[in-house]
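Me: I would like to go through the labels attached to this model and see what each one rests on. Take them one at a time.

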Amino acid sequence: MAKPLIPVESIYDHALALLDAEGTAALSTRRLATELRISTRTLYQQVGNREQLIRALVARHFSLLRLDFHEYEDWESTALQWCLSLHDALRAHPYLTELMTIDDRNAVMDYVHDLVDATRREGFPFRLAVECCRALANLTINHTIVEVRGLREPKLSEESAARVDKTEKNFAMSIRWLLAGVRAEAQSNSSESTDTTLVARPPKRRDKAVR
């Protein structure tokens with residue numbers, strides 16, 4: 001009688017635990033199959049190769065996070081807290097974050113859409129809102145990847161450790177600068193639109209004076 005297949009969720013849970021505990025080098029299909037007491041062939045049938053497993057782990061991790069979106073007293077605070085929440089979620093599993101690729105960023109699109117909606121409610125044009133939120137997501141993900149790579153170095157010199165600490169502290173400042181630039185661009189576009197409208201208006205017709 002054939003041995004029943006192990007639940008796929010159990011494979012993902014064990015793979016993530018192994019990754020968190022020992023890093024990327026420990027995550028091999030051979031070791032995972034051995035610890036789960038299944039054949040590598042069965043593992044491939046259920047979750048694919050190592051690369052496919054990693055991509056699925058990233059997508060699953062973010063789908064289970066259910067990042068809560070909150071609006072604060074102003075749009076800038078909302079956007080900053082959005083970035084900080086995403087940053088903390090990425091930091092929670094540093095080795096998994098380090099393995100992220102461009103394609104994996106689609107895993108946080110629902111979370112991005114929430115910020116786009118809030119940005120539109122602030123009065124930003126649709127294209128600017130989308131580009132702004134995409135830039136915030138990319139900045140947050142790229143920054144966190146650099147950060148976790150620095151933190152996992154086995155022996156950090158005092159200079160390197162200070163640099164990592166400074167990078168982390170500069171994150172919020174970088175976000176604020178980006179938000180200020182987007183706000184300025186929105187105001188500039190609004191002013192230009194108003195000026196264009198004024199210029200485009202036909203001159204008022206003057207009635208001829210009665211002689």
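Reply: A salt bridge here is a side-chain nitrogen of Lys or Arg within 4 Å of a carboxyl oxygen of Asp or Glu. The model is a predicted one.

Me: Why is the pairing of arginine 31 with glutamate 22 called a salt bridge?
Reply: The closest N and O atoms of arginine 31 and glutamate 22 are 2.7 Å apart. The cut-off is 4 Å, so the pair qualifies as a salt bridge. Arginine 31 has a relative accessible area of 28% and glutamate 22 one of 45%. Both values fall between 20% and 50%, so both residues are partly exposed.

Me: How many salt bridges does a search of the whole structure find?
Reply: The search finds nine. Among them is the one between glutamate 71 and arginine 121, with the closest N and O atoms 2.5 Å apart.

Me: What makes the pair of glutamate 71 and arginine 121 a link between distant parts of the chain?
Reply: Glutamate 71 is in the loop between α4 (50–65) and α5 (75–92), arginine 121 is in helix α7 (residues 109–121), and 50 residues separate them.

Me: Why do glutamate 71 and arginine 121 get separate exposure labels?
Reply: Exposed means over 50% relative accessible area. Arginine 121, at 54%, passes that limit and therefore counts as exposed. Glutamate 71, at 46%, does not pass it and so counts as partly exposed.

Me: What makes glutamate 147 and arginine 91 a salt bridge, and what does the pair tie together?
Reply: Their side chains meet at 2.2 Å, N to O, which is within the 4 Å limit. Glutamate 147 lies in helix α8 (residues 126–151) and arginine 91 in helix α5, so the pair ties together parts that are 56 residues apart in sequence.

Me: Is glutamate 147 buried or exposed?
Reply: Buried: its relative accessibility is 2%, and the label needs a value under 20%. Arginine 91, its partner, is partly exposed at 28%.

Me: Which residues are linked in a network of salt bridges?
Reply: Glu9, Asp13 and Arg60 are.

Me: How do you know that threonine 97 is buried?
Reply: Threonine 97 has 3% relative accessibility, under the 20% limit, so the label buried applies. Threonine 97 lies in helix α6 (residues 94–98). Leaving aside residues up to four places away in sequence, threonine 97 touches Leu90, Thr144, Ile145 and Val148.

Me: What makes the approach of threonine 97 to leucine 90 a polar contact?
Reply: The side chain of threonine 97 reaches the backbone oxygen of leucine 90 at 2.5 Å, and the limit for such a pair is 3.5 Å.

Me: What does the search for cavities of 30 Å³ or more find?
Reply: It finds one. The largest cavity has a volume of about 40 Å³. Its lining includes Leu90 and Thr97, the pair that makes the polar contact above.

Me: Which helices supply the lining of the largest cavity?
Reply: α4, α5 and α6 each supply at least two residues. The largest share, three residues, comes from α4.

Me: How many residues of each class does the lining of the largest cavity have?
Reply: Six are nonpolar, three are polar and none is charged.

Me: How many helices and strands does the chain have, and what share of residues counts as buried?
Reply: The chain has nine helices and zero strands. Of its 211 residues, 36% count as buried.

Definitions and conventions
Residues numbered from 1 in each chain as written. Predicted model: local features only at pLDDT ≥ 70, side-chain atom pairs only at ≥ 80, totals over all residues. Heavy atoms only, no water. Buried < 20%, exposed > 50% of the residue type's maximum accessible area, 1.4 Å probe, protein only. Helix = DSSP H or I, 4+ residues; strand = E, 2+ residues; numbered from the N terminus. Polar contact = N/O pair within 3.5 Å; in protein donor to acceptor, adjacent residues only side chain to side chain. Contact = heavy atoms within 4.5 Å. 1 Å grid on protein atoms, 1.4 Å probe; cavity = no way out; pocket = protein on both sides within 12 Å on 5 of 7 lines; lining within 4 Å. Points joined across faces, edges and corners; volume = space filled by probe spheres on them. Nonpolar A, V, L, I, M, F, W, Y, C, P; charged D, E, K, R; others polar.
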